[in-house]
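Reader: I should like to learn how to read the features of a helical model. May we proceed step by step, with the general idea preceding each case?

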Amino acid sequence: AALLTGVAIVLAQLVGQARLASGVALGDGGQPALRVAMRRPANFTEHVPSVLILLGIIELNGASASLLHSLGAVLLVSRIVHPFGLHHEDMRRKARLVGALGTLLVSVVAADVAGWQALA
């Protein structure tokens with residue numbers, strides 16, 4: 001969670017830098033590059049909190065340290081890689097695919113584990 005918070009902070013700083021460079025205080029001013037800069041932390045915020053909650057739940061319910069560390073590492077790498085794949089001119093970038101699929105994989109595995117734990 002601490003490392004992911006660091007990623008979120010960097011993404012937010014990049015939005016601030018893009019705003020300073022563009023002179024746009026609110027919204028994207030119709031500028032595709034600023035819109036992408038804004039979507040990077042937004043996408044992070046849309047996905048990471050629920051996964052962290054799931055990881056916390058499965059940890060409290062006795063998931064192994066190796067499972068938790070593996071899921072956390074995949075999530076961290078995925079969320080670092082994903083923003084490099086977001087670009088206003090081309091949505092088919094490998095980094096976007098790797099980041100999205102890695103995040104989805106961790107989400108599905110953590111949700112499945114939580115579901116099995118609840119049934120056990």
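Author: Let us begin with contact, which means heavy atoms within 4.5 Å. The model shown here is predicted.

Reader: Which residues does Arg96 touch, not counting residues up to four places away in sequence?

Author: Arg96 touches His82, Gly85, Leu86 and Met91 once such neighbours are set aside. Arg96 itself lies in helix H4.

Reader: Is Arg96 buried, partly exposed or exposed?

Author: Buried means under 20% relative accessible area, exposed means over 50%, and partly exposed is in between. Arg96 has a relative accessibility of 29%, so it counts as partly exposed. Its C-alpha lies 36 Å in space from that of Ala120, and the two residues are 24 apart in sequence.

Reader: How many helices and strands are there in the protein chain?

Author: The protein chain has four helices and zero strands, and its pattern along the sequence reads α-α-α-α. Its C-alpha atoms fill a box of roughly 55 × 25 × 20 Å along the principal axes. Of the 120 residues in the chain, 30% are buried. Among contacts with a separation of 6 or more, 58% join residues 24 or more positions apart.

Reader: How is the packing of two helices described?

Author: Two packed helices are described by the angle between their axes and the distance between those axes. Here, helix H2, residues 32-60, packs against helix H4, residues 94-119, at an angle of about 35°. The axes of H2 and H4 are 9 Å apart, and their crossing is left-handed.

Reader: Which residues of H2 and H4 meet?

Author: On the side of H2, the residues are His47, Val51, Leu54, Leu55, Ile57 and Ile58. Those they meet in H4 are Thr103, Val106, Ser107, Ala110, Ala111, Val113, Ala114 and Gln117. By class, this contact of H2 with H4 comprises 10 nonpolar, four polar and no charged residues.

Reader: Why do residues three or four places apart in an α-helix point the same way?

Author: An α-helix has 3.6 residues a turn, so residues at that spacing point the same way. With this in mind, one may inspect the buried residues of each helix. In H4, they are Ala95, Gly99, Gly102, Thr103, Val106, Ala110, Val113, Ala114 and Gln117. What covers the buried residues of H4 includes H2 and H3.

Reader: Which residues of H2 are buried?

Author: The buried residues of H2 are Leu34, Val36, Ala37, Pro41, Asn43, Phe44, Val48, Val51, Leu55 and Ile58. Their cover includes helix H1 (2-22), helix H3 (65-85) and H4. One of these buried residues, Asn43, has a relative accessible area of 13%. Leaving aside neighbours within four places in sequence, Asn43 is in contact with Arg79 and His82.

Reader: What span is expected of H4, and how far apart are its end C-alpha atoms?

Author: The expected span of a helix is 1.5 Å times one less than its number of residues. For the 26 residues of H4 this gives 38 Å, and the end C-alpha atoms are 37 Å apart, which agrees. H2, with 29 residues, reaches 43 Å from its first C-alpha to its last, close to the expected 42 Å.

Reader: Where in H2 does a kink lie?

Author: A kink of about 25° lies at Val48, shortly before the proline Pro49. Just after H2, Gly62 takes a positive phi of about 95°.

Reader: Which residues does Val109 touch, again not counting residues up to four places away in sequence?

Author: Val109, in helix H4, touches Leu67 and Leu71 when those neighbours are not counted. Val109 has a relative accessible area of 26% and is therefore partly exposed. Between Val109 and Gln31 there are 37 Å in space, C-alpha to C-alpha, while the two are 78 residues apart in sequence.

Key
Residues are numbered from 1 along each chain as its sequence is written. This is a predicted model: local features need pLDDT of at least 70, side-chain atom pairs count only at pLDDT 80 or more; totals for chains, interfaces and linings use all residues. Side-chain values use heavy atoms; hydrogens and water are left out. Axes are lines fitted to C-alpha atoms, for helices over the stretch in contact, and angles run from 0 to 180 degrees between N-to-C directions. Helices (H or I, at least four residues) and strands (E, at least two) are DSSP runs, numbered from the N terminus. A crossing is left-handed if the near helix is turned anticlockwise from the far one by less than a right angle, and right-handed if clockwise. Ala, Val, Leu, Ile, Met, Phe, Trp, Tyr, Cys and Pro count as nonpolar, Asp, Glu, Lys and Arg as charged, and the others, Gly among them, as polar. The bend at a residue is the angle between axes fitted to the seven residues ending there and the seven starting there. Buried means under 20% relative accessible area, exposed over 50%, partly exposed in between (1.4 Å probe, protein chains only).
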